[in-house]
Amino acid sequence: MMVYSLAAVYNQTPAPEIHNRLCNNIKEYINWHICEPVTVAEIASYYGYNPRYLSALFKSCTGIAIKDYIINAKTMQAKKLLEETSSTISQIAYSIGFQAA
């Protein structure tokens, strides 16, 4: 028996597919806002979900917590900037929204 969310019933789309789309949208949101101090609460508010629920859903889809995904995305962006620019670590950290270098 396949479980459907309320939205899935209306759209006739299985819940896992909706969850995967939401997780992909969250990743896209994080990548678009990589230079800002993005929080789980902000993302949850943007998509209209409870932060704990959204965190659990994201982890079930990706195997990684949203906070960890944000840190990894920022770290990858910092690495790219270190390789491609002459900016200091402090400048790069500030530019991608890390609070302290």
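# Aromatic pairs and the nonpolar core

Q: Is Tyr47 buried, partly exposed or exposed?
A: In this predicted model, Tyr47 has a relative accessible area of 23%. Buried requires a value under 20% and exposed a value over 50%. The value for Tyr47 therefore falls in between, and the residue is classed as partly exposed.

Q: How many aromatic pairs does the structure hold?
A: Rings count as a pair if their centres lie within 6.5 Å. By this criterion, the number of aromatic pairs in the structure is five.

Q: What is the geometry of the pair formed by Tyr29 and Tyr47?
A: The two ring centres of Tyr29 and Tyr47 are 6.2 Å apart, and the angle between their planes is 70°. Planes over 60 degrees apart count as edge-to-face. The pair of Tyr29 and Tyr47 is therefore edge-to-face.

Q: How many residues apart in sequence are the parts that Tyr29 and Tyr47 tie together?
A: Tyr29 belongs to helix 2, whereas Tyr47 belongs to helix 3. The pair therefore joins parts whose separation in sequence, in residues, is 18.

Q: Is the pair of Tyr49 and Tyr53 stacked or edge-to-face?
A: The ring centres of Tyr49 and Tyr53 lie 5.8 Å apart, with the planes at 15°. Planes under 30 degrees apart meet the criterion for stacking. The pair of Tyr49 and Tyr53 is therefore stacked.

Q: Which residues do ring pairs link into a cluster?
A: One member of the cluster is Tyr29, which is buried at 9% relative accessible area. Another is Tyr47, which is partly exposed. In full, the cluster consists of Tyr29, Tyr46 and Tyr47.

Q: Which helix gives the most residues to the largest nonpolar core?
A: This core has 17 residues, and those touching the most other members are Ile26, Ile30, Ile43, Leu54, Phe58, Ile66 and Ile70. Two or more residues come from each of helix 2 (15-32), helix 3 (40-47), helix 4 (51-62) and helix 5 (66-84). With five residues, the element that gives the most is helix 2.

Q: Which residues is Leu54 in contact with, leaving aside its neighbours within four places in sequence?
A: Leu54 is among the core residues that touch the most other members. Once its neighbours within four places in sequence are left aside, the contacts of Leu54 are Leu22, Ile26, Ile43, Ala44, Tyr49 and Ile66.

Q: How many disulfides does a search of the whole structure find?
A: Cys23 is buried at 1% relative accessibility, and Cys61 is partly exposed at 29%. A disulfide requires two cysteine sulfur atoms within 2.5 Å. Across the whole structure, the number of disulfides found is zero.

How values were computed: Residues numbered from 1 in each chain as written. Predicted model: local features only at pLDDT ≥ 70, side-chain atom pairs only at ≥ 80, totals over all residues. Heavy atoms only, no water. Core = buried A, V, L, I, M, F, W, Y, C linked by side-chain atoms within 4.5 Å. Buried < 20%, exposed > 50% of the residue type's maximum accessible area, 1.4 Å probe, protein only. Helix = DSSP H or I, 4+ residues; strand = E, 2+ residues; numbered from the N terminus. Contact = heavy atoms within 4.5 Å. Phe/Tyr/Trp six-rings, centres within 6.5 Å; stacked < 30°, edge-to-face > 60°.
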